[in-house]
Amino acid sequence: MKIQLLVAATTAASVSARPQYHTNNPHEWMARGPNDFRGPCPMLNTLSNHGFLPRDGRNITKANAVTGLKDGLNFNGSLSELMWEQGIIANPMPNATFFTLEQLNVHGVLEHDASLTRTDAFLGNNHVFNETVYNQSRQWWTGEIVTAEQLAHSKIFRQLESRAQNPNYTFSASIEEFSLGEIAAPIIVFGDMSTGTAQRDLMEYFFINERLPEELGWSKKSNEITLMDILSTTAIVRNATSLLTGPPAPESPHRRRDLHAGLVAGLQRAL
Ligand code: HEM
Ligand SMILES: *[C@@H]1O[C@H](CO)[C@@H](O)[C@H](O)[C@H]1NC(C)=O
Ligand SMILES: *[C@@H]1O[C@H](CO)[C@@H](O)[C@H](O)[C@H]1NC(C)=O
Ligand SMILES: *[C@@H]1O[C@H](CO)[C@@H](O)[C@H](O)[C@H]1NC(C)=O
Ligand SMILES: *[C@@H]1O[C@H](CO)[C@@H](O)[C@H](O)[C@H]1NC(C)=O
Ligand SMILES: *[C@@H]1O[C@H](CO)[C@@H](O)[C@H](O)[C@H]1NC(C)=O
Ligand SMILES: *[C@@H]1O[C@H](CO)[C@@H](O)[C@H](O)[C@H]1NC(C)=O
Ligand SMILES: *[C@@H]1O[C@H](CO)[C@@H](O)[C@H](O)[C@H]1NC(C)=O
């Protein structure tokens, strides 16, 4: 028991004493340390790797999320509050005021099947970058400028692959809503929201390295990213995921159900 406590104390001390925690640029990229938490969200991992969120992947409070997403990505504070409120269910404690990146790993709370860069929980590790899965996704990003349709192709392919390989494949209407936001994310941060496109080199660098692609010339958007930006980009992606040609059937019960589920509906209600 004493030995265990000593080991724990020594480990904690060496974490806070890690020399790379002390640097001139507080947002320099550093690989996670052995005691740092990371999770299934490539962007939250990235923000922690840059110290925009706590480098240890713990204590993601509302205040820390608002500051981290503002300083790292120029996200509007109200938008970040809404996103954090969607995320806090990851901490099972009642009235929790923070979550950790590791808590996001629990399958079926927020983490779901058919991710672009992680395999399904049933098939392996659901939260580390998986090159086999990533290769399945990136084969659809055929140009330097990746269209919403190509991003949609990668997602649909992952869903098909997942449903065919994973007997426990689960993809509810609310997962669909979260996924549309996840597909829109590269357009929002690494692309052009008016055309619904993403710059492939920036997006790939980010997914592979969990690092902001500053050395490729990227910088955060100068205009603050708002809820309206998320909704309009998500709408482009939603449209691009349809395998039908011509206009959608607006009165179908499926569409009405979608509008009442998940993140986008939650954000719309908050407007
Ligand atoms: C408080 C804010 C956030 C929370 C709680 C959160 C949570 C998550 C979770 C739990 C996943 C895993 C879903 C899965 O199983 O694939 C995920 C995926 C993802 N997130 Fe986040 N996220 C947040 C903010 C962001 C931001 C700001 C971006 C970028 C603009 C982003 C981009 C992505 C992308 C691209 C994926 C999909 C990864 C894949 O399919 O492999 N997230 N996020
Ligand atoms: C967690 O973050 C809050 C700011 O949101 C800060 O006041 C608090 O000291 C932090 N707690 C720990 C344990 O780091
Ligand atoms: C951005 O967030 C601030 C609060 O952080 C809020 O007052 C403002 O209305 C927001 N702007 C938009 C366009 O959402
Ligand atoms: C959580 O917050 C609610 C509403 O503020 C309160 O009624 C409840 O007692 C709190 N629960 C715990 C475990 O603190
Ligand atoms: C299997 O599917 C059930 C029902 O959707 C779900 O509750 C469970 O978390 C899944 N398990 C894995 C490992 O995918
Ligand atoms: C990576 O994904 C493939 C395909 O789903 C899977 O077979 C493999 O076990 C995964 N690797 C890990 C480490 O989970
Ligand atoms: C993924 O694709 C790259 C580039 O084509 C290749 O070098 C690598 O071996 C592939 N990895 C896996 C696990 O298939
Ligand atoms: C919706 O998708 C169709 C077919 O892919 C495309 O022709 C159309 O331009 C898209 N509309 C919008 C508003 O993105």
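How many helices and how many strands make up the secondary structure of the protein? In this predicted model, the secondary structure comprises 11 helices and five strands.

**Figure 1. Overall view of the predicted protein model.** The protein has 271 residues, of which 35% are classed as buried. Among contacts with a separation of 6 or more, 58% join residues that lie 24 or more positions apart. The 11 helices and five strands are shown together in this view.

**Figure 2. Close-up of the surroundings of ligand 2.** Asn-59, Thr-61, Ala-63 and Asn-64 are the residues around ligand 2. By class, this shell contains three polar residues and one nonpolar residue, and no charged residue is present in the shell.

**Figure 3. Close-up of the surroundings of ligand 5.** Ligand 5 has around it His-107, Gly-108, Ala-121, Phe-122, Asn-168 and Thr-170. Four residues of this shell are polar and two are nonpolar, while charged residues number none.

**Figure 4. Close-up of residues 1-19, where pLDDT stays under 50.** For residues 1-19, the model has four contacts beyond four places in sequence. As context for this view, the pLDDT of the protein averages 89, and 84% of the residues score at least 70.

**Figure 5. Close-up of residues 256-262, a further segment with pLDDT under 50 throughout.** Here the model has 14 contacts beyond four places in sequence. The corresponding count for residues 1-19 is four.

Technical notes. Residues numbered from 1 in each chain as written. Chains lettered and ligands numbered in written order. Predicted model: local features only at pLDDT ≥ 70, side-chain atom pairs only at ≥ 80, totals over all residues. Near = placed C-beta within 6 Å. Nonpolar A, V, L, I, M, F, W, Y, C, P; charged D, E, K, R; others polar. pLDDT = per-residue confidence, 0-100. Contact = placed C-beta atoms within 7 Å. Helix = DSSP H or I, 4+ residues; strand = E, 2+ residues; numbered from the N terminus. Buried ≥ 20, exposed ≤ 12 C-beta atoms within 10 Å, placed from the backbone.
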